[in-house]
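Student: Could you take me slowly through a single part of this model, giving the cut-offs behind each term as it comes up? I would like one connected account rather than a list.

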Amino acid sequence: MSSMIPANSKCLVVGATNPSSIGFCVALSLLKAGASHVTIMGRDPTKVDAAVVLLARTLDDGGDGGGGGRQAGGVVGDLKRPETSTNQHGGTVVVVGSVSANVAWPDTAPHNFAMAAKNTMIQTLAFKYRHDRVRVNGVQCGVIHTGALDVMAKKKKTSVASYAALRASAQPLGRNGTPEDVAQAVLYLASPASGFTLGELLRVDGGLHLSNWWNRQAMLNEYGGAKTQTK
C-alpha cells in the first residue's frame, strides 16, 4: 500500500477498542498507511490494552515488512473538552457520523437529532479553525456491518445473517458497508490528498441517500412503519 499519511504523523482515534468497530479499523488503516504513531482512547483500561496488543500484532502479521517503526498506544480517558487541546503544527480532524441525520424516521428521532447536531458541529468547527491549520471534516455512514448490527439482530431475536440480509436488500448497491469502507474515507480526509477539503460531510452510504430506503415494504414491515391510523 502506498503511503497516504505522512510518516511523522501522530493520530488519536476515539472509540477503537472493539476489533469489529469502525474505530479499530481506522486505527489499523492509519498505521498501514504510514502514520508513525496511533493512539486509541477508551474508558476501559482492559479493553484499551487488549486493543493495542491486537493492533500491534495485526500490523506485524500484515505481510508488509512488520511494523516498520510504527507504534500503537492507548490512553484511558474521556474527551470531554477537545477544544482545550493545542497544536501549533495544525492537523486534521475527522468525525464519523451517520446519514440518519437526514432520515425522517420517528422511531430513531433522538439519534437522528444527535447526528444532525454533529454535522452542524463539524462545519462550525471547520470554519472556526480555518486559519489555525486545522481542517475539520466528517464522514456520514450508512448501514455498516459492525458489532452494533449483530446486537440489533439479537434484540430482534433473529440471526445475524438474516438481519444483515434484510438491511442489505434495501441498499442501492445490494450490500451493507464494512468498517474498511469507512476507514478508506477517513484516510482520505486525514491525508494531504484532501488538503483543499474543509467542512465536508462525505457520505459513505452505498447510495442510500438516492433511494426511498425506508419506504421499502420489507423495512416498513420490520419497523412498524406500515401501520395506518384510523379515525
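Tutor: What follows is a close look at one open sheet and the helices that go with it.

The model is predicted, so that local features need pLDDT of at least 70 and side-chain atom pairs count only at pLDDT 80 or more, whereas totals for chains, interfaces and linings use all residues. Residues are numbered from 1 along each chain as its sequence is written, and side-chain values use heavy atoms, with hydrogens and water left out.

To place the part first, the protein chain has seven helices and six strands, where helices (H or I, at least four residues) and strands (E, at least two) are DSSP runs numbered from the N terminus. Along the sequence these elements follow the pattern β-α-β-α-β-β-α-β-α-α-α-β-α.

The sheet in question is open and has three strands in the order S1-S2-S3, with parallel pairing; two strands count as paired if DSSP finds at least two bridges between them. Strand S1 (10-14) and strand S3 (71-76) stand at the edges and each has a single partner strand, so one side of each is left without a neighbour in the sheet. From one strand to the next, the twist averages 25°, with axes fitted as lines to C-alpha atoms (for helices, over the stretch in contact) and angles running from 0 to 180 degrees between N-to-C directions.

Turning to one pair in detail, strand S2 (residues 37-42) is joined to S3 by six bridges in the parallel sense, and threonine 39 has glycine 73, in S3, as its bridge partner. As general background, strands of a sheet pair through backbone hydrogen bonds, either parallel or antiparallel.

Helix H1 (residues 22-32) packs on this sheet and touches S1, S2 and S3, its direction making about 170° with that of S1; contact here means heavy atoms within 4.5 Å. Helix H2 (residues 45-60), for its part, lies across S2 and S3 and runs at about 175° to S3.

Two totals give the setting of this part within the chain. Among contacts in the protein chain with a separation of 6 or more, 74% are between residues 24 or more positions apart. Of the 231 residues in the protein chain, 41% are buried, that is, under 20% relative accessible area, with exposed meaning over 50% and partly exposed in between (1.4 Å probe, protein chains only).
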